[in-house]
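Subject: Handing over a structure, with some notes

Hi there,

Here is the structure I promised to pass on to you. Have a look at it first, and then read on for what turned up.

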Amino acid sequence: MAKLDDSVKYLKGVGPKRAELFEKLGINTVRDLIYHLPRSYMDFTSPTAIASAVLDEVNVVEAEVVKKERPAMIRKGMTLYKLLVTDGSDDMNVTIFNSQYLFDSVKVGEKYIFCGKVTGNLTRREMSSPTVQKSSSGDRIQPIYPLTAGLTQNILRSCVKSALSAVTQAEVETLPNDILKKYSLMPESEALVKIHFPKEREDVFPARRRLSFDELLTLRLGMMRLRERVRSLTAYSMKKVDMSGFTSALPFKLTGAQSRAVSECMADMEKSAPMNRLILGDVGSGKTAVAAACCYIAAKNGAQAVLMAPTEILALQHYDSLRTFLEPSGLRVGLLTGSLTKKKKSEVSEAASRGEYDVIVGTHAVFQESAGYERLGLVITDEQHRFGVAQRTALAKKGNNPHRLVMSATPIPRTLALMIYGELDISVLDELPAGRAKTETYAVTGKLRSRACAFVRKELDRKGQAYVVCPAVEEGTADIKNVTDYAKELERGEFSGYRIGVLHGQLPAAKKEEVMRRFKDGELDVLVCTTVVEVGVDVPNASVMMVENADRFGLSQLHQLRGRVGRGSRNSYCILITDNVSEESRKRLKILSSTSDGFEISEADLELRGPGDFFGSAQHGLPPLKIADLAADAELVKLAQDAAELLNERFQLSECDSLRKRVEALFARGEW
Ligand code: ADP
Ligand code: MG
């Protein structure tokens with residue numbers, strides 16, 4: 001018998017040499033090995049007849065060996081071994097390269113399963129370098145594992161087998177019985193056997209379900225622990241503030257959702273534990289005003305607040321907004337970004353540390369270098385999903401446990417938010433400010449581009465402004481628009497006579513800032529840009545957006561982009577141009593034209609593309625999930641969250657020992 005935490009090297013069939021190779025796969029212990037899950041399977045359960053094999057594709061064929069040819073050495077180190085096989089429907093030539101061992105083990109007159117690509121023509125079939133397995137051997141479905149040089153599938157299979165038979169069922173199980181029952185989960189040991197060595201395809205599904213459930217549960221429990229840890233800290237507890245000074249200086253009346261969020265924040269900040277709250281709101285729902293209200297509460301309590309944005313452009317814009325919202329009530333707002341001169345930066349920093357600013361707005365990077373505030377009481381971060389959980393918690397450690405407010409960039413389904421922002425409390429802004437003009441969205445092909453441009457010109461002539469969004473900065477291919485060339489093309493052609501600006505992430509910060517300012521001040525009519533405008537840019541007069549190669553963007557991303565127009569009282573338009581007329585592309589873009597509800601869109605996006613894509617490549621900042629899929633397993637996510645609530649109370653009990661170990665292991669890996 002082996003213990004789960006024993007080194008793999010003591011397992012039968014492993015030994016020190018293989019253990020070293022296993023290490024490259026991140027497998028050190030017996031536990032690691034049994035949770036090294038197959039990435040796919042080879043399914044030999046329903047072989048194809050040779051006569052109906054699909055040419056140029058991988059086929060599984062069950063056939064009898066009729067003849068073994070004499071090996072032919074075609075050059076040094078390359079020997080061909082040929083077999084002729086038949087399954088009654090037809091004959092097939094099988095070629096094996098260099099593997100004398102395999103060739104010798106095959107016997108004329110016996111049946112084997114061959115799996116490989118079939119080539120040839122109507123009269124002659126061939127298969128090269130197939131995997132070969134005896135017909136009578138039991139495993140008709142074989143796991144395919146991630147490998148490393150020096151290991152083969154067969155070695156891994158036999159090592160996993162020996163690991164599985166070396167551990168006891170009781171040791172493997174991480175969940176109490178009542179939980180298994182309540183959520184109809186199979187025992188963990190059974191799930192492991194079935195996921196590694198399914199007897200039939202149908203075995204895999206419930207096994208996967210059980211193991212995914214475990215993973216989601218572990219993640220959720222871990223997040224809940226993080227949250228509790230923060231709750232045990234002591235923060236500067238604030239006094240209730242009369243908000244009338246703030247609201248009367250605002251150029252608008254807060255929506256019901258905004259007021260609710262502000263009250264929730266105020267209640268949090270009155271507590272002795274730090275606030276840890278996420279404002280989850282659709283594009284244009286007015287998150288900034290909520291942030292400003294929190295700054296006001298902090299300032300009235302004699303504390304300083306910082307607001308961090310992911311980009312310079314956003315920092316500047318928040319700076320402008322906060323000044324508008326807060327200066328009338330006498331608050332002092334400062335700006336700290338990377339593009340300021342060194343001298344200016346240290347001036348602002350020093351003034352902040354002397355307490356001369358109530359609020360400092362800036363970019364994330366800048367705050368990381370300069371720490372010293374006189375009485376930091378509130379840290380607000382915008383568009384946070386770009387930072388991971390680990391980064392967020394690191395930030396929380398700065399200063400004297402300041403209250404924390406996180407503003408989401410994207411409306412995401414609540415279940416997903418609970419996973420991704422699981423260590424935070426959530427306020428949802430589910431109401432847009434009234435009087436918002438509508439944005440109509442059309443998807444068209446490139447054939448209609450000049451009509452679209454004529455439409456844009458009409459808006460410009462009515463004193464509107466336009467965004468033209470392209471997927472690339474300069475490279476691109478013939479059919480992918482890039483900002484640099486396209487701006488020139490438009491300047492000479494469709495938009496000649498109009499004032500055109502170019503904006504993308506590779507411009508120097510000062511240049512970006514200037515272009516943005518000119519667009520905002522109405523000195524530019526058209527802004528040709530990349531998705532740098534995606535996050536939060538606010539130019540109320542912009543009323544039309546044209547997106548090139550729209551199919552290259554995620555739905556949530558397009559929704560975010562589209563949110564750049566329709567921010568004022570002008571009726572607004574978003575024209576999505578794509579030459580991709582596939583069913584899927586049409587379906588996706590149709591969702592956008594049919595709804596403007598960001599939560600609905602993100603749900604659809606999640607279903608269509610998965611959370612990885614949804615957040616840009618691997619940007620969700622979670623520990624990597626091995627088996628669960630946040631998008632595909634939405635129902636399971638809910639169940640796991642439910643179970644986490646139940647188990648959280650019992651977490652310290654001995655029945656949760658192994659679960660606790662797993663939670664600790666997941667979060668110990670860090671670096672996500
Ligand atoms: P987001 O939630 O996308 O960050 P912003 O905070 O940028 O949204 O707000 C979008 C626009 O709506 C801004 O121009 C802001 O001034 C305006 N706004 C915010 N709250 C209200 C409100 N209650 N009534 C009217 N306009 C509002
Ligand atoms: Mg915003």
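Let me start with a question you can follow on screen: is D214 buried or exposed? With a relative accessible area of 2%, D214 is buried, since anything under 20% counts that way. Before I say more about that residue, please keep in mind that this is a predicted model.

**D214 and its surroundings**

You will find D214 in helix α8, which covers residues 201–231. Leaving aside residues up to four places away in sequence, D214 touches T174, L175, E188 and R662. With R662 there is also a polar contact, side chain to side chain, at 3.2 Å. As a landmark for the other direction, try L432: it is 218 residues from D214 along the chain, and the two C-alpha atoms are separated by 38 Å.

**The chain as a whole**

Now zoom out. The protein chain has 672 residues, and 54% of them count as buried. Its secondary structure comes to 24 helices and 22 strands. Taken along the principal axes, the C-alpha atoms fill a box of roughly 95 × 70 × 45 Å.

How much of the contact network links residues 24 or more positions apart? Among contacts with a separation of 6 or more, such pairs account for 73%. On the outside, the protein chain exposes about 30400 Å², and carbon and sulfur atoms supply 50% of that area. As for charge, there are 93 positive and 87 negative side chains, and the centres of the two sets lie 2 Å apart.

**Ligand 1**

Next, please find the ligand. There are 16 residues around ligand 1, and K253, G284, T288, R436 and R567 come nearest. Which parts of the protein approach its oxygen atoms? Three places are good to click on:

- G284 places a backbone N or O atom 2.6 Å from an oxygen atom of ligand 1.
- K287 does so too with a backbone N or O atom, at 3.0 Å.
- R567 uses its side chain, where an N or O atom is 2.8 Å from an oxygen atom of the ligand.

Taken alone, ligand 1 exposes 560 Å², and the protein buries 84% of that.

**Four loop residues**

Several loops are worth a stop as well. N301 sits in the loop that runs between α11 (287–300) and β11 (304–309). Is N301 buried or exposed? Its relative accessibility is 12%, so N301 counts as buried. Its contacts, not counting residues up to four places away in sequence, are with Y236, M238, K239 and V241.

K199 is in another loop, the one between α7 and α8. At a relative accessible area of 60%, K199 is exposed. Once residues up to four places away are set aside, K199 touches D139 and I141. D139 is 60 residues away from K199 along the chain, yet their C-alpha atoms are separated by 7.0 Å.

Two serines deserve a look for their backbone angles. S129 has a positive phi of about 40 degrees although it is not a glycine. The loop that holds S129 lies between β7 (125–128) and β8 (131–134). With a relative accessible area of 46%, S129 is partly exposed. S184, which is not a glycine either, has a positive phi of about 50 degrees. Look for S184 in the loop between α6 (177–182) and α7 (188–196). S184 is exposed, with a relative accessible area of 58%.

**A glycine in a strand**

Last on the tour is G362, which belongs to strand β13 (residues 359–363). Where does G362 stand, buried or exposed? At 0% relative accessibility, G362 counts as buried. K512 is a handy reference point here: it is 150 residues from G362 in sequence, and 16 Å away in space from C-alpha to C-alpha.

If you would like a route for a quick look, go from D214 in helix α8 to ligand 1 with R567 among its nearest residues, and then on to G362 in strand β13.

Happy exploring, and do write back with any questions.

Best wishes

How values were computed: Residues numbered from 1 in each chain as written. Chains lettered and ligands numbered in written order. Predicted model: local features only at pLDDT ≥ 70, side-chain atom pairs only at ≥ 80, totals over all residues. Heavy atoms only, no water. Helix = DSSP H or I, 4+ residues; strand = E, 2+ residues; numbered from the N terminus. Buried < 20%, exposed > 50% of the residue type's maximum accessible area, 1.4 Å probe, protein only. Contact = heavy atoms within 4.5 Å. Areas by Shrake-Rupley, 256 points an atom, 1.4 Å probe, with all protein chains shown as cover. Lys, Arg positive; Asp, Glu negative; His and termini not counted. Charge placed at Lys NZ, Arg CZ, Asp CG, Glu CD. Near = heavy atom within 4 Å. Polar contact = N/O pair within 3.5 Å; in protein donor to acceptor, adjacent residues only side chain to side chain.
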